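Below is a short briefing on a structure. It covers strand pairing, overall fold measures and the contact between chains.

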Amino acid sequence: MSAVTLIDYDAGNLASLEGALDRLGLSFQRAATPDEAAPGGPIVLPGVGHFEAAQKSLRERGWWRALPGLVAEGRPVLGICLGLQLLAEGSEEAPRASGLGLLPGIVRRLGPGVKVPHMGWSQVRRNYPHPALADPQGAWLYFVHSYALEPTGETVYVAEHGRPFAAVEARGNVMGFQPHPEKSGPAGLLLLQQSLAWMGASAPVPEVPCN
Amino acid sequence: MPAKRVIPCLDVKNGRVVKGVQFKHLRDLGHPVDLARRYDAEGADELAFLDIAASLENRGTREAWVREVARELSIPFTVGGGVSSVADARSLLRSGADKVAVNTAAALRPALVSELADAFGRQCVVVAVDVKRDEALGWRVALKGGTEPTERAALDWLWELNDLGAGEILLTSMDRDGTGEGFDLPLIEKASGLPIPLIASGGAGREIHFLEALEYGADAVLAATLFHEGILPIPQLKAYLAQNDLSVRI
């Protein structure tokens, strides 16, 4: 059981995420570079903004090089929003740049025919079972994005905005959330709790009944 | 299509939520965090904070409460009031706001909208537009809290804002604001053709007004007094909208 490492690279809203982890009773630490990461436990890659700018910032801090190695060693990594997109193979937002390739597929622009950015609450449905994540049963989660990862048959949760896209994607020890769980009310907290507990984060405080 | 959103709007002055008629006789409603928690628990989909006395001097106070709200709230929130530069917006977003709202500053210097969109992405940029209807000229943009009518055609301005990079429009009918007689539905209908989300504001008095605004094409509805005074509790409103076949988060 370890603290959650939050990658701090000026492209994420860490205050909200930290608030959510506090409410779940999980310990966490910020890490601007891989040297500052906790010795074990999940690494969270948050992110808002532009794909290429975020990638540049991650490169400057050494994370872009380090992440594939950490994943190969078995460290669990969770990307949120743009974080998920950076973990994919690439994005139409930055055709010249490639992604980390830790999740399969390409990120494509939403639309046409729907309002972009997709901003607001949408329902997710389970598409493929995952050991950590229960059937969301039509839970509403909060999304803010203009690009989305194409779903595959193994995408865990799918949402729709004009077309279906990957809301939760997972491969081995790598997971990505397109919605913002820290902004998604109780349903979002549950998603964070399930995934981070599975990834080995310090357990929630004992007041939470274990059933 | 995402769920239709219900958004309470809170006026903040010097770090306290206040309520008052035309900004006179302000009544203290409490700390932003206390109201944020209450609305979060009631099922609000988002919150909007408007700093009605924003100034350079109180920037520190504002950053402090924005940071606290960000840690406590499990839903998104927008902060507006006196945002006139990328630096102003950065201070709010760094403190944990999800979006910033700009109004007069964008009307006076439209390039601000593009600068904000380039710096933070258009999803962070809410442009508040106050509209007043002129008998001869139709809907016009009004500035300074709706007190200063301009010649600018409201609908043209909305499309221009979309082109500039606005991520969302908060549209307030100054003719309806405070009347409780319902939203300006023809205005909403026209504005809902925009390719970005539309938040309707001004005129809500009863449940049915919210339903009408959403049916006329608004993506979200915003109100203040009705919610603050407990006249229309949010769970009741959302249950009503759901009964009327609107997609809402319950």
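**Strand pairing in chain B**

B:Lys132 has B:Arg140 of S8(B) standing opposite. The model is predicted. The strands that hold this pair are described next, followed by the whole chain and its contact with chain A.

Strands S7, S8 and S9

- Strand S7 of chain B (residues 125-134) pairs with strand S8 of chain B (residues 138-143) in the antiparallel sense, over five bridges.
- Three residues lie between S7(B) and S8(B), and the two strands form a hairpin.
- S8(B) also runs antiparallel to strand S9 of chain B (residues 148-153), to which three bridges join it.
- B:Ala142 has B:Pro149 in S9(B) as its bridge partner.
- A hairpin is likewise formed by S8(B) and S9(B), with four residues between them.
- In that turn, B:Lys144 has a positive phi of about 50°.

Chain B as a whole

- Chain B contains ten helices and twelve strands.
- The radius of gyration of chain B is 17 Å, which agrees with the value near 18 Å for a compact globule of 250 residues.
- The C-alpha trace of chain B spans about 40 × 40 × 40 Å along its principal axes.
- Of the 250 residues of chain B, 49% are buried.
- Among contacts in chain B with a separation of 6 or more, 62% are between residues 24 or more positions apart.

Contact with chain A

- Chain A and chain B each bring 25 residues to the contact.
- On the side of chain B that touches chain A, helix H2 of chain B (residues 59-72) gives the most, with four residues.
- The residues on this side of chain B comprise nine nonpolar, six polar and ten charged.

How values were computed: Residues numbered from 1 in each chain as written. Chains lettered and ligands numbered in written order. Predicted model: local features only at pLDDT ≥ 70, side-chain atom pairs only at ≥ 80, totals over all residues. Contact = placed C-beta atoms within 7 Å. Nonpolar A, V, L, I, M, F, W, Y, C, P; charged D, E, K, R; others polar. Pairing = 2+ DSSP bridges. Rg over C-alpha atoms; globule rule 2.2 N^0.38 Å. Buried ≥ 20, exposed ≤ 12 C-beta atoms within 10 Å, placed from the backbone.
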